[in-house]
Amino acid sequence: GEVAERLADFIEYCSPGSEVYDATIFVEGPLSIDNEVHESCTSLIIALQKQARSVRLLDVVSAISGTGMSIVEADIDGDFCVKTKKWQFLITDHENRKLDYVQISSLMFTLSHMFGTDHYRAPDQHM
C-alpha cells in the first residue's frame, strides 16, 4: 500500500554512502536546513512563494515536533498581503543537540512531501 511505498522511498532516499554523513547544508525547493549557521542549533528556513500546495505553519510545527525535535526559536515573516513568506526555526533534537544527518534527512523528507517536492534525495545525490 501507500505506507509501504513511502517507507521504501524513505529508506532509498535517506540511506547515504558513508562519505556524506558530514554534510551540513541540505536544500530542497523552499526548504533549507543548515548546521553551520548557529553554534548549538540546526537552522531550518522555509522560503515560501506561491506554492503548488498550501502548507500551514501549524502543519510545519507539528511535523517538527512529530519527528522528535524541539523548536528553540522561530521567526515568522510575511503576511497575507505579501507574496513571499520566510519561516525560520532553530531546532534541536530531544537531547538539545544539533540534528545529525539521519535526523535532518528524516525532517527534510517529511517536509518535502508537505511542500510537494517529493523528489528529495540525500546530499550525495545532489552534489
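**Exercise 1. Find out how the side chains of R56 and D59 meet, and at what distance.**

Step 1. Look at the two side chains: R56 and D59 form a salt bridge, at 3.0 Å from N to O. The term asks for a side-chain nitrogen of Lys or Arg within 4 Å of a carboxyl oxygen of Asp or Glu.

Step 2. Recall the general idea: side chains of opposite charge can pair when their charged atoms come close.

Step 3. Check the surroundings of D59. With a relative accessible area of 26%, D59 is partly exposed; buried means under 20%, exposed over 50%, and partly exposed in between (1.4 Å probe, protein chains only).

A word on the model before you go on: it is predicted, so local features need pLDDT of at least 70 and side-chain atom pairs count only at pLDDT 80 or more, while totals for chains, interfaces and linings use all residues. Residues are numbered from 1 along each chain as its sequence is written, and side-chain values use heavy atoms, with hydrogens and water left out.

**Exercise 2. Work out which residues are joined into one network by salt bridges that share partners.**

Step 1. Start from the total: the structure holds three salt bridges.

Step 2. Take R97 and follow its side chain to D93, where the N to O distance is 3.3 Å. Then follow R97 to E95, at 2.8 Å.

Step 3. Put the pairs together: shared partners link D93, E95 and R97 into one network.

Step 4. Compare burial. D93 is buried at 1% relative accessible area, R97 is partly exposed at 45%, and E95 is partly exposed, also at 45%.

**Exercise 3. Give the strand order of the open sheet and say which strands stand at its edges.**

Step 1. Read the order: β1-β2-β3-β5-β4, five strands with antiparallel pairing. Strands here are DSSP runs (E, at least two residues), as helices are (H or I, at least four), numbered from the N terminus; two strands pair if DSSP finds at least two bridges between them.

Step 2. Find the edges. β1 (25-28) and β4 (70-77) each have a single partner strand, so one side of each lacks a neighbour in the sheet.

Step 3. Zoom in on β1 and β2 (residues 31-34): four bridges join these antiparallel strands. On β2, L31 is the bridge partner of E28.

Step 4. Add a helix. α2 (residues 57-66) packs on the sheet and touches β3 (42-48), β4 and β5 (85-92), where contact means heavy atoms within 4.5 Å.

Conventions
Axes fitted to C-alpha atoms, helices over the stretch in contact; angles between N-to-C directions.
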